[in-house]
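The following exercises are to be solved with the sequence and the structure at hand. Each task is followed by a worked solution.

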Amino acid sequence: MKVEVRKVTCQQDRDDFVRLPRMMYHGVTQYVPDLERDIAGIICRKDNPGLEFSNVQFFVAYRDDVPVGRIAGIVNRKANEHWKQRVVRFGLIEFIDDLGVSRALLEAVGQWGRELGMNTLQGPMGITDFDKEGMLIEDFHLTGTMNTIWNPDYYPRHMEALGFQKAVDWVQIRIQIPQETPLRYSRTAQYVREQIGLRVVKLSSSDVDKGNYGQRVFQLLNQAYEPIFGFSSLTAQQIDYFLDKYLKLIDLKLIPVVLNEKDELVGVAITMGSMTKAMQKANGRLWPMGWYHLIKALKWKHADSAEMLLIGVRPDYQGMGVNALFFDDLIPIYNQYGFKWAETGPQLEDNVRELSQWKPLKPEYVKRRRCYKKLINEK
């Protein structure tokens with residue numbers, strides 16, 4: 001049957017876009033659903049400050065009026081200017097195992113991008129580097145996380161069949177939490193404290209709100225991540241959006257920040273207890289009981305694992321042992337919370353400095369994921 005791809009223009013289209021994963025992944029134990037209200041918020045311009053500098057178009061694929069796939073097209077004008085490129089990104093892609101469906105979705109975004117003067121289709125990516133990115137190409141048997149994409153094994157096969165090539169790969173790192181901080185970290189941390197004058201501080205809610213540390217943390221991340229693939233700096237409005245949506249929910253004991261002798265912020269690690277099981281129980285919806293599962297995981301009953309979402313160090317302090325301060329601080333807290341293991345967010349495979357810091361913890365490299373690219377100059 002013919003595949004029809006429609007732009008999302010009405011409430012029914014919007015509902016189909018948001019709810020499609022719930023139908024596709026029913027009973028799939030590895031899948032961790034997004035909150036449907038968050039996906040709806042991405043579509044709504046007033047709820048998404050990233051749309052101030054991005055063109056975004058959402059599409060749903062239908063077969064006999066039944067939704068069988070979805071995709072978002074994104075032109076981040078700020079990122080394109082920064083990287084001197086003409087890229088249309090695709091994200092939030094889902095499709096059944098039918099090459100006609102995946103082809104139709106990607107061609108729709110490619111055509112839309114060409115109309116805006118773009119010459120390359122690239123993804124999966126979001127508006128910002130803090131959105132989910134990278135299609136899973138290995139370890140499909142492992143359960144996903146709240147902040148990463150999980151997809152079936154046929155997804156990368158479709159991409160290759162449609163002529164897409166590798167742009168970059170990310171890997172995630174899984175570690176068992178040691179009972180004691182490895183000597184390499186503790187000794188380096190002691191040196192950094194005594195010789196460089198750095199110290200770890202835990203923020204309070206007042207620090208985040210009134211002390212402007214929330215803004216300072218994300219401004220630091222802008223500096224630290226500026227050279228990273230596909231990055232575009234967050235605006236003040238985006239920072240406020242992320243602070244309101246996420247940072248106030250996270251246990252601040254799990255977010256060490258590093259200050260120098262001038263009380264300047266030079267490093268931050270954002271970690272949290274795993275929300276995987278809570279998100280699965282919520283099944284994409286806050287009501288009637290989704291909110292309970294999420295609050296329980298955040299406040300009352302920790303999971304047995306932690307998610308190490310990101311680490312950011314000011315460029316002039318990189319390579320000076322700041323990361324050892326984070327490990328020296330977090331490992332005892334992880335043991336106190338009962339975390340048995342931890343998993344990082346995606347890290348670029350060629351970021352040797354970042355990957356090498358994990359060696360004392362005997363890391364396992366898992367969940368390789370890929371950003372694909374394809375020229376779209378010509379139809």
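**Exercise 1.** Determine the handedness of the crossing of H6 and H12, and identify the residues that make the contact.

*Solution.* The model is a predicted one. In it, H6 and H12 cross in a left-handed manner. On the side of H6, the contact is made by Tyr 185, Ser 186, Thr 188, Ala 189, Val 192 and Arg 193; H12 contributes Ala 324, Leu 325, Phe 327 and Asp 328. Sorted by character, these residues comprise six nonpolar, two polar and two charged. As for geometry, the axes of H6 (residues 183-196) and H12 (residues 322-337) come within 8 Å and cross at roughly 120°.

**Exercise 2.** Decide whether Thr 271 is buried or exposed, and state which polar contact its side chain makes with another side chain.

*Solution.* First, locate the residue: Thr 271 belongs to strand S10 (residues 265-273). Next, consider its relative accessibility, which is 2%; therefore Thr 271 counts as buried. Finally, examine its side chain, which makes a polar contact of 3.1 Å with the side chain of Tyr 334. A polar atom of the Thr 271 side chain also lies 2.6 Å from the backbone oxygen of Leu 254.

**Exercise 3.** Compare the expected span of helix H4 (residues 99-115) with the distance between its end C-alpha atoms.

*Solution.* The helix H4 has 17 residues, and at 1.5 Å a residue it should span 24 Å. The expected span is 1.5 Å times one less than the number of residues. The end C-alpha atoms of H4 are 24 Å apart, so the two values agree. At the start of H4, a side-chain oxygen of Asp 98 comes within 2.8 Å of the backbone nitrogen of Gly 100. After H4 comes Gly 117, with a positive phi near 90°.

Definitions and conventions: Residues numbered from 1 in each chain as written. Predicted model: local features only at pLDDT ≥ 70, side-chain atom pairs only at ≥ 80, totals over all residues. Heavy atoms only, no water. Axes fitted to C-alpha atoms, helices over the stretch in contact; angles between N-to-C directions. Helix = DSSP H or I, 4+ residues; strand = E, 2+ residues; numbered from the N terminus. Left-handed = near helix turned anticlockwise from the far one by under 90°. Contact = heavy atoms within 4.5 Å. Nonpolar A, V, L, I, M, F, W, Y, C, P; charged D, E, K, R; others polar. Buried < 20%, exposed > 50% of the residue type's maximum accessible area, 1.4 Å probe, protein only. Polar contact = N/O pair within 3.5 Å; in protein donor to acceptor, adjacent residues only side chain to side chain.
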